[in-house]
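Me: Please take one part of this model and examine it closely. I should like a connected account of how that part is placed and what surrounds it.

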Amino acid sequence: MGKITVRVQPGASRDGVVGKVGDSWKIAITAPPIEGRANKACVAFLGKLLGCSKKDVELVNGQKNRTKTFEVAGMTTEQVEARLAESIK
C-alpha cells in the first residue's frame with residue numbers, strides 16, 4: 001500500500017499536481033474547503049490520476065488540515081510518486 005503526504009490548495013482555477021515541496025506533494029483542487037468537498041475532490045482526482053478507483057484512495061490523516069496523508073491500495077509509494085511526478089503541470 002502506497003502512502004503519500006499531500007499539501008492541498010483548495011479553490012484553485014483547475015485541478016492538477018503543482019510539484020513537490022519538501023516531503024509533500026502540492027495538489028491544486030478546484031473544490032472549496034467547505035464541508036469536506038476539497039477532500040472528496042482530492043480523493044477523486046488522485047484515483048483518476050493514478051488509474052484506480054477512488055475507493056482505493058483513502059484519506060488517513062489531515063481531514064481538516066491542508067496537509068493530508070493518503071494511502072493507495074494496490075500501489076507502492078514509489079509507483080504513486082512516479083505517477084505524480086509524470087503529471088506535474
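Reply: N39 lies in helix 1, and this helix is the part described here. The model is a predicted one, in which local features need a pLDDT of at least 70 and side-chain atom pairs count only at pLDDT 80 or more, while totals for chains, interfaces and linings use all residues. Residues are numbered from 1 along each chain as its sequence is written, and side-chain values use heavy atoms, with hydrogens and water left out.

Helices (DSSP runs of H or I, at least four residues) and strands (runs of E, at least two) are numbered from the N terminus. On that basis the chain contains two helices and five strands, and the order of its elements from the N terminus is β-β-β-α-β-β-α. Helix 1 covers residues 37–50, 14 residues in total. From its first C-alpha to its last it reaches 20 Å, close to the 20 Å expected at 1.5 Å a residue; the expected span is 1.5 Å times one less than the number of residues.

Before the helix comes a loop that follows strand 3, and E35 is placed in it. E35 has a positive phi of about 55 degrees although it is not a glycine. With a relative accessibility of 68%, E35 counts as exposed, where exposed means over 50% relative accessible area, buried under 20% and partly exposed in between (1.4 Å probe, protein chains only). At the other end, just after helix 1, G51 takes a positive phi of about 75 degrees.

Within the helix, the buried residues are A38, N39, C42, V43, F45, L46, G47 and L50. Their cover includes strand 1 (2–9), strand 2 (16–21), strand 3 (24–28), strand 4 (57–61), strand 5 (67–72) and helix 2 (77–86).

N39 counts as buried because its relative accessible area is 13%. Leaving out residues up to four places away in sequence, N39 touches L59, Q63 and K68, contact being heavy atoms within 4.5 Å. G47, also in helix 1, is buried with a relative accessible area of 1%. Beyond its neighbours within four places in sequence, G47 is in contact with C52, S53 and V57. The C-alpha atoms of G47 and E58 are separated by 9.7 Å, the two residues being 11 apart along the chain.

C42 is buried as well, at a relative accessible area of 0%. Why does the sulfur of C42 make no bond with the closest cysteine sulfur? The closest cysteine sulfur, in C52, is 12 Å away, which is too far for a bond. Viewed from C52, the closest cysteine sulfur is that of C42, again at 12 Å and too far. Under the rule that a disulfide is a pair of cysteine sulfur atoms within 2.5 Å, the count is zero disulfides.

L46 links the helix to the interior of the chain. The largest nonpolar core has 21 residues, and of these L46 and F70 touch the most other members. Such a core is a set of buried Ala, Val, Leu, Ile, Met, Phe, Trp, Tyr and Cys residues joined through side-chain atoms within 4.5 Å. At least two residues of this core are supplied by each of strand 1, strand 3, helix 1, strand 4, strand 5 and helix 2. Helix 1 gives the most, with five residues. Not counting residues up to four places away in sequence, L46 touches I4, I27, V57, F70 and L84. In soluble globular proteins, nonpolar side chains tend to be buried together.

Strand 5, among the elements that cover the helix, holds T69. T69 counts as buried at 16% relative accessibility. Apart from residues up to four places away in sequence, T69 touches K3, I4, T5, E58, L59, V60 and N61. I4 thus appears among the contacts of T69 and among those of L46. L59 is likewise listed for T69 and for N39.

For the setting of the helix, the whole chain may be considered. Of its 89 residues, 39% are buried. Among contacts with a separation of 6 or more, residues 24 or more positions apart account for 46%. The C-alpha atoms fill a box of roughly 30 × 25 × 20 Å, taken along the principal axes.
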